[in-house]
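Hi everyone, thanks for coming. Let me put today's model on the screen, and then we'll walk through it together.

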Number of protein chains: 2
Amino acid sequence: MEKVDGRLVRGDQTRRAVLRRAVDIASVDGLEGLSIGRLATELGISKSGLFAHFGSKEELQLATIRAARRIYADEVVTPAFAVEPGLERVWRMSECWLDYSRRRVFPGGCFFQKVSHEYAARGGAVHEALAGVHREWMELMESVVREAVERGELDADPAQLAFDLNAYYEAANLASILHDNQAGYDQARQSIRTRLESATGTTLPW
Amino acid sequence: MEKVDGRLVRGDQTRRAVLRRAVDIASVDGLEGLSIGRLATELGISKSGLFAHFGSKEELQLATIRAARRIYADEVVTPAFAVEPGLERVWRMSECWLDYSRRRVFPGGCFFQKVSHEYAARGGAVHEALAGVHREWMELMESVVREAVERGELDADPAQLAFDLNAYYEAANLASILHDNQAGYDQARQSIRTRLESATGTTLPW
DNA sequence: AAACAATACGAACGGTCGTATTATTAGTTT
DNA sequence: AAACTAATAATACGACCGTTCGTATTGTTT
């Protein structure tokens, strides 16, 4: 079944609703804390009916990761790619990331930071999926930086600068959740600006 | 009972063994994944006997945090304070931190990074304890940086530099666990060096 | 030796977990 | 309207969770 000329049918609607709730829960309580019974209760559906959509907890977790990745792409990557490649895009991506965290697109802050730490030291398919997303993201950042370098707008090692920027993002995200304030975002913004200005030799126009 | 002229007595020995194992488990599986039954089985003691030492799961978690804090102090703070205050100590603390992570003092990497993310978005005493340790650590870093600034060995905003350094540490720690390699440590070391050199105007002697 | 506290134990509690099996409802097709 | 299929629900299972209880063992104090 799945789809009928673009319209969603019953099963897929449910699946969507489940995953939308799942990413929110997991961003707060993790992919382990995401329990099938709880998810079903919160959505007002039966545990067994929900379970049938995924077949196993691990499949639910993997589907949740894919759903979160789509949201992340929409909220961070797409808007950054709306501006020209180069330094401006590097800056924009940083702004988008901090905004994505600050706006609490996921109520527990960045979904991937949360669950990556949860599964960092464990084996299994969930770990592999998260390691893959992390690699993918770092490579994306690196390529965005590299475009700026190739255009002569930045003098830096792309991998190194991507590492630094990502480190600022994550530190800000954790601090803001842990202490429930915004101070980390301002510090990160300042660090990003300083880091980019020292790699351009000029003052950023933003 | 507790102690007899410095010698540990039975109960305290058990408590120590429990907590030593608890920090290791929690660094991999979190403070939630740290279950009393599992802990007891691994140590070859009874679940109820172990439980009696703490009275509640939350108390066990809080005691585990305190135990981890002692280890962290021994492994990171104390060796850094063995050298003179100032720039050298800033550098040494960075080296100690990366080494603490790399040596896997806790098998899952930095205990506090792991469990801070676990409890960042939740309420309760465990969250408060972890937020407190985080604040304490950031203030310590800041004061170490400030000493270097006051001696004229560094030109920087202490809070800002502490934020950056801590961000590099944590990014390296996560990358190394998630991808099971050392690349993040080299990148962090490079970032720290560059950051400090740009704040001194000179080349670091290390 | 008697009394007392500290420590550890096994068994059991009510709950929740993920999962499997079986039944029922709803939607589409003929 | 009947037949078929996809989607949801009901029920049950064993495993493990944190916690409580009663009891045995050990060590200290009197």
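Let's start with one residue: Ala67(A) sits in helix α4 of chain A, residues 57-80. Helices here are DSSP runs of H or I with at least four residues, numbered from the N terminus. Before going on, please keep in mind that this is a predicted model, where local features need pLDDT of at least 70, side-chain atom pairs count only at pLDDT 80 or more, and totals for chains, interfaces and linings use all residues. Residues are numbered from 1 along each chain as its sequence is written, while chains are lettered from A and ligands numbered from 1 in the order in which they are written.

Is Ala67(A) buried or exposed? It counts as partly exposed, because it has 19 C-beta neighbours inside 10 Å; buried would take 20 or more, and exposed 12 or fewer, with C-beta atoms placed from the backbone. Leaving aside neighbours within four places in sequence, Ala67(A) is in contact with Leu19(A), Ala22(A) and Val23(A). Contact means that the C-beta atoms, placed from the backbone, lie within 7 Å.

Now, the two chains. A turn of 180° with a shift of 0.0 Å along the axis lays chain B on chain A, with an RMSD of 0.0 Å. That is the relation of a two-fold axis. The superposition is by least squares on C-alpha atoms of residues with pLDDT of at least 70 in both copies.

And how do they meet? 32 residues of chain B are in contact with 32 residues of chain A. On the chain B side, α8(B) gives the most, with 12 residues.

Methods:
Contact = placed C-beta atoms within 7 Å. Helix = DSSP H or I, 4+ residues; strand = E, 2+ residues; numbered from the N terminus.
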